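Please look through the sequence and the structure shown below before reading on. The report that follows takes up a few strands and a few residues in turn.

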Amino acid sequence: MKKLMIAVILLACAAVPAFSAVTDMSLNVGLTGSTSELQLVNNGEFDARFQIGASAAFTMIFDNGPGLSISLATENNFNPITLGVAYSHKIDVRNADLDILLSVGPTFDLGGNFAMGIDAMCDLLIDLTSSVFVDLGVGLRMDVFEVVNDRVNTEFNMAIPLPNVGIGVRF
């Protein structure tokens with residue numbers, strides 16, 4: 001199942017440029033810093049904690065606006081690996097060396113227990129050169145369900161990454 005999902009995503013990435021004019025492609029590698037997590041299961045528990053995670057994202061923008069992002073992320077012990085596919089929209093801020101990238105889409109935990117969530121992110125892309133940029137992002141990560149020992153766990157968890165910091169390259 002996991003191999004099929006990865007193959008479909010890679011095929012979509014390869015096929016989309018054939019049908020549309022790609023105006024901007026970028027690769028972004030970064031770190032996720034402190035995370036606040038709100039669990040809406042047991043009387044709305046709030047758990048603020050600090051953890052470091054690594055992420056990488058490949059983004060294709062079509063016609064200077066809408067696009068597709070594919071991301072891989074992990075937390076402290078590199079388990080689970082989270083695969084995300086998102087609709088992205090790039091907003092070019094006039095008279096400034098920055099862009100805003102809005103993304104929303106499903107995520108899948110591929111290591112350990114299978115889980116699905118939804119991410120909504122807002123990234124500020126600050127240009128250092130014409131092809132290198134710094135990425136500062138915030139957003140909302142929501143867990144929808146998790147499969148544990150052949151049972152579906154539907155506890156709703158929400159996490160807010162503060163901040164998401166990365167460096168990227170346009171090509």
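## Strands E5, E6 and E7

Tyr 87 has Val 104 of strand E6 standing opposite to it. This pair can serve as a starting point for reading the model, which is a predicted one, and it leads to the strands around it. Strand E5, covering residues 82-92, and strand E6, covering residues 98-109, run antiparallel and are joined by 9 bridges. In the hairpin that E5 and E6 form, 5 residues lie between the strands, and Asn 95 takes a positive phi near 55 degrees.

Strand E6 is also joined to strand E7 (residues 114-127), with which it runs antiparallel, and here there are 12 bridges. One place to find this pairing in the structure is Phe 108, whose bridge partner in E7 is Met 116. E6 and E7 likewise form a hairpin, this one with 4 residues between the strands, and Gly 112 in the turn has a positive phi of about 70 degrees.

## Ser 69 in strand E4

Ser 69 belongs to strand E4, which spans residues 66-74. Its relative accessible area is 8%, and because buried means under 20%, Ser 69 is counted as buried.

What joins the side chains of Ser 69 and Ser 88? The two side chains are linked by a polar contact of 2.6 Å. Apart from its neighbours within four places in sequence, Ser 69 is in contact with several residues, including Phe 58, Thr 59, Gly 84, Val 85 and Ser 103.

## Gly 168 in strand E10

Gly 168 is part of strand E10, made of residues 157-170. Is Gly 168 buried or exposed? Gly 168 counts as buried because its relative accessibility is 0%.

When residues up to four places away in sequence are not counted, Gly 168 touches Leu 27, Asn 28, Ser 131, Val 132 and Phe 133. Asp 135 is 33 residues away from Gly 168 in sequence, while the C-alpha atoms of these two residues are 7.0 Å apart in space.

## Leu 27 and a nonpolar surface patch

Leu 27, one of the residues that Gly 168 touches, is found in strand E1, which runs over residues 22-39. With a relative accessible area of 39%, Leu 27 is partly exposed, because this value falls between the 20% limit for buried and the 50% limit for exposed.

Leu 27 also takes part in a nonpolar surface patch of about 360 Å², which is made by Leu 27 together with Val 29, Val 169 and Phe 171.

Terms used: Residues numbered from 1 in each chain as written. Predicted model: local features only at pLDDT ≥ 70, side-chain atom pairs only at ≥ 80, totals over all residues. Heavy atoms only, no water. Helix = DSSP H or I, 4+ residues; strand = E, 2+ residues; numbered from the N terminus. Buried < 20%, exposed > 50% of the residue type's maximum accessible area, 1.4 Å probe, protein only. Contact = heavy atoms within 4.5 Å. Polar contact = N/O pair within 3.5 Å; in protein donor to acceptor, adjacent residues only side chain to side chain. Pairing = 2+ DSSP bridges. Patch = residues over 30% accessible without salt bridge, like charges linked within 9 Å, V, L, I, M, F, W, Y side chains within 5 Å. Areas by Shrake-Rupley, 256 points an atom, 1.4 Å probe, with all protein chains shown as cover. Salt bridge = Lys/Arg side-chain N within 4 Å of Asp/Glu carboxyl O.
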